[in-house]
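Me: Please take a close look at one part of this model, the helix that has a buried side and an exposed side, and then follow the helix packing outward from there.

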Amino acid sequence: MSSDRPTPTVLAHLSDLHLDGGPRATERTRAVVAHLLDLPGTLDGVLVTGDLADHGTDDEYRLAAELLKPLADRHPLLVCPGNHDAREPFRRLLLGGGEPGDAPVNQVRDLAGTRVVLCDSSIPGRAEGRLAPETLAWLDATLAAAPRLPALVALHHPPVDLGLPYIDRIGLREAEGLAAVLDRHPQVTAVLCGHAHTAAATTFAGRPLLCAPGVASTALVPWEQEPGQSWKTEDADPALTFHLLHEGRLTSHHRTVRTA
């Protein structure tokens, strides 16, 4: 193997912690964090695509910051809001301030030669998602500023239906706006999402779209559900995904984490 081949970018991707102050969500998150800290190798970053909190309270974000701090001390930590998050305390307690008010929480980080662009798809007070015009304009400009850097676009709400009726009803609205931006930027390798509570893979705007599994719970596809059963189960172990971006190709590996 040639020694001058580009070094891959490796990200751990988790989502939907739904920290509510109770022991169950706390211990499941703690187990995932411990799994990542115990890795013998290094990561270029840890991405959390939303719903860190369950009710968007200050106490939930203080708990999230406490649980995730060991990861943030070791790896770059990237977090974007979901529909259960609240922008003001999210920004204040997880990001250390930033722009005041209730504007979208959009961020960009360059990690190991890859631009990771985090878009806020939340609508305050609503379960479904939408990328505001200012977010789409910002995304367009952010990608245009580095056309030669491979890029990953991350947001909470999947922009396509996944065959999960409950999740599909509260997915991303007006996804054509995002598709139009991506069409102008061929360096975007893939789109990374949360919200689905299951490791799902499909395509969007001609690119792979990968949804992280849930930490708090796991979604059931319709043929797994008994009549009257909930759309999700809390019996499955929490899980995460490792993404490897190498020479313009994204490869993803899913892992479950034992909690006991």
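Reply: This is a predicted model. Glu176 and Asp183 are exposed, and they lie on the other side of helix α6 from its buried residues. Those buried residues are Leu178, Ala179, Val181 and Leu182. They sit on the same side of α6 because they cover an arc of only 160° around the axis. The cover over the buried residues of α6 includes helix α4 and the strands β7 (151-154), β8 (172-173), β9 (188-193), β10 (200-204) and β11 (207-211).

Helix α4 deserves a separate description. Helix α4 (residues 133-144) and helix α6 (residues 176-183) have axes 10 Å apart and pack at an angle of about 15°. An angle under 35 degrees counts as roughly parallel, so α4 is roughly parallel to α6. The crossing of α4 past α6 is right-handed. On the α4 side the contact involves Leu136, Leu139, Asp140 and Leu143, which meet Gly177, Leu178 and Val181 of α6. By class, this contact of α4 with α6 has five nonpolar residues, one polar and one charged. Leu178 and Val181 thus appear twice: they are among the buried residues of α6, and they are also among the residues that meet α4.

The other helix pairs can be described in the same terms. The axes of α1 and α2 come within 10 Å and cross at roughly 5°, and the two helices are therefore roughly parallel to each other. From α1, the contact is made by Thr26, Thr29, Arg30, Val33, Leu36 and Leu37, and from α2 by Leu63, Leu67, Leu68, Pro70, Leu71 and Arg74. The classes in the contact of α1 with α2 are eight nonpolar, two polar and two charged residues.

Helix α2 (residues 58-74) also packs against helix α3 (residues 87-94), where the axes come within 9 Å and cross at roughly 35°. This crossing of α2 and α3 is right-handed. Asp58, Tyr61, Arg62, Ala64 and Ala65 of α2 make the contact with Pro89, Phe90, Arg92, Leu93 and Leu94 of α3. In the contact of α2 with α3, seven residues are nonpolar, none is polar and three are charged.

Arg74 belongs to helix α2. With a relative accessible area of 37%, Arg74 is partly exposed. Apart from neighbours within four places in sequence, Arg74 is in contact with Leu36, Leu37, Asp38, Leu39 and Gly41. Leu36 and Leu37 are also among the α1 residues in the contact with α2. Between Arg74 and Arg92 there are 21 Å from C-alpha to C-alpha, at a separation of 18 residues in sequence.

Two loop residues complete the account. His18 lies in the loop between β1 (9-14) and α1 (23-37). His18 is not a glycine, yet has a positive phi of about 50°. At 11% relative accessibility, His18 counts as buried. Glu247 is in the loop between β14 (239-246) and β15 (249-256). Glu247 also has a positive phi, near 55°, in a residue other than glycine. With a relative accessibility of 47%, Glu247 counts as partly exposed.

How values were computed. Residues are numbered from 1 along each chain as its sequence is written. This is a predicted model: local features need pLDDT of at least 70, side-chain atom pairs count only at pLDDT 80 or more; totals for chains, interfaces and linings use all residues. Side-chain values use heavy atoms; hydrogens and water are left out. Axes are lines fitted to C-alpha atoms, for helices over the stretch in contact, and angles run from 0 to 180 degrees between N-to-C directions. Helices (H or I, at least four residues) and strands (E, at least two) are DSSP runs, numbered from the N terminus. A crossing is left-handed if the near helix is turned anticlockwise from the far one by less than a right angle, and right-handed if clockwise. Contact means heavy atoms within 4.5 Å. Ala, Val, Leu, Ile, Met, Phe, Trp, Tyr, Cys and Pro count as nonpolar, Asp, Glu, Lys and Arg as charged, and the others, Gly among them, as polar. Angles under 35 degrees count as roughly parallel, over 145 as roughly antiparallel, 65 to 115 as roughly perpendicular and the rest as oblique. Buried means under 20% relative accessible area, exposed over 50%, partly exposed in between (1.4 Å probe, protein chains only). The arc is that of the directions from the helix axis to the C-beta atoms.
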